[in-house]
Amino acid sequence: MTSVDDRPTAKPADHLTTVVIKVRRYDPEIDPEPFWQPCEVPVDKGDRLLDALHHIKWYLDGSLTFRRSCAHGVCGSDAMRINGVNRLACKVLVKDLGAESLVEPVKGRTVLQDLIVTMDT
């Protein structure tokens, strides 16, 4: 389902579970230090973490910034630390993460904003 502005409409309430996604947020132009933002997200059993991040951006906080491209585990643009492990958000099922998850940018790179890091070496 899509709405007039091509953004998906909210999911129906049946068959949903609510999980907490804690996203490490940081905008160097605004924030003196990174901080954790907890978000309650309705998810279906087949949803991937990328789906949950889209829900946060589209319905809870439009300022959330992250990369994604193919959404099929090929390009690697949505790499991030998920519960302390570098993984692709498009490949990780939310049901495998538990009721609460930590999502942060990959380590060893300069954070440009939120989950986006520099890609140069």
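**Notes on the predicted model**

1. A good place to start is the pairing of strand S1 (residues 17–25) with strand S5 (residues 100–104): the two run parallel and are joined by four bridges. One pair to look up on your screen is Ile21, whose bridge partner in S5 is Ser101. Please keep in mind as you read that this is a predicted model.

2. Stepping back to the whole sheet, five strands make up an open sheet with mixed pairing, and their order is S2-S1-S5-S3-S4. S2 and strand S4 (85–88) are the edge strands, each pairing on one side only. From one strand to the next, the twist averages 35 degrees. Helix H1 (residues 49–60) packs on this sheet, where it touches S1, S2, strand S3 (79–82) and S5. The direction of H1 makes about 105 degrees with that of S2.

3. Now for the overall fold. The protein has one helix and seven strands, and along the sequence they follow the pattern β-β-α-β-β-β-β-β. Of the 121 residues in the protein, 36% are buried. The accessible surface comes to about 7,300 Å², with 51% of that belonging to carbon and sulfur atoms. If you take the contacts between residues at least 6 apart in sequence, 49% of them join residues at least 24 apart.

4. Gln37 deserves a look of its own. This residue lies in strand S2 (residues 35–43), which is one of the edge strands. Is Gln37 buried or exposed? Its relative accessibility is 19%, and the cut-off for buried is under 20%, so Gln37 counts as buried. The side chain of Gln37 makes a polar contact of 3.1 Å with the side chain of Asp61. Leaving out residues up to four places away in sequence, Gln37 touches Asp61 along with Ile21, Lys22, Val23 and Arg25. Ile21 is the residue we met above as the bridge partner of Ser101.

5. Thr65 sits in the loop between H1 and S3. With a relative accessibility of 18%, Thr65 counts as buried. Which residues does Thr65 touch, not counting those up to four places away in sequence? They are Gln113, Asp114, Leu115 and Ile116. For Asp114, the C-alpha atom is separated from that of Thr65 by 5.6 Å, although the two residues are 49 residues apart along the chain. Thr65 also has a partner close by in sequence: its side chain reaches the backbone oxygen of Ser63 at 3.1 Å.

6. Further along the chain, Thr118 lies in the segment after strand S7 (116–117). Thr118 has a relative accessible area of 19% and is therefore buried. Not counting residues up to four places away in sequence, Thr118 touches Arg109, Thr110 and Leu112.

7. Finally, a word on the cysteines. Cys39 is buried, with a relative accessible area of 4%, and Cys90 also counts as buried, at 6% relative accessibility. How many disulfides does a search of the whole structure find? The search finds zero. As a reminder, a disulfide is a covalent bond between the sulfur atoms of two cysteines.

Note on methods: Residues are numbered from 1 along each chain as its sequence is written. This is a predicted model: local features need pLDDT of at least 70, side-chain atom pairs count only at pLDDT 80 or more; totals for chains, interfaces and linings use all residues. Side-chain values use heavy atoms; hydrogens and water are left out. Buried means under 20% relative accessible area, exposed over 50%, partly exposed in between (1.4 Å probe, protein chains only). A polar contact is a pair of N or O atoms within 3.5 Å; within protein, one must be able to donate a hydrogen and the other to accept it, and residues adjacent in sequence count only if both atoms are side-chain atoms. Contact means heavy atoms within 4.5 Å. Accessible areas come from the Shrake-Rupley method with a 1.4 Å probe; for residues, only the protein chains shown count as cover. Two strands pair if DSSP finds at least two bridges between them. Axes are lines fitted to C-alpha atoms, for helices over the stretch in contact, and angles run from 0 to 180 degrees between N-to-C directions. A disulfide is a pair of cysteine sulfur atoms within 2.5 Å.
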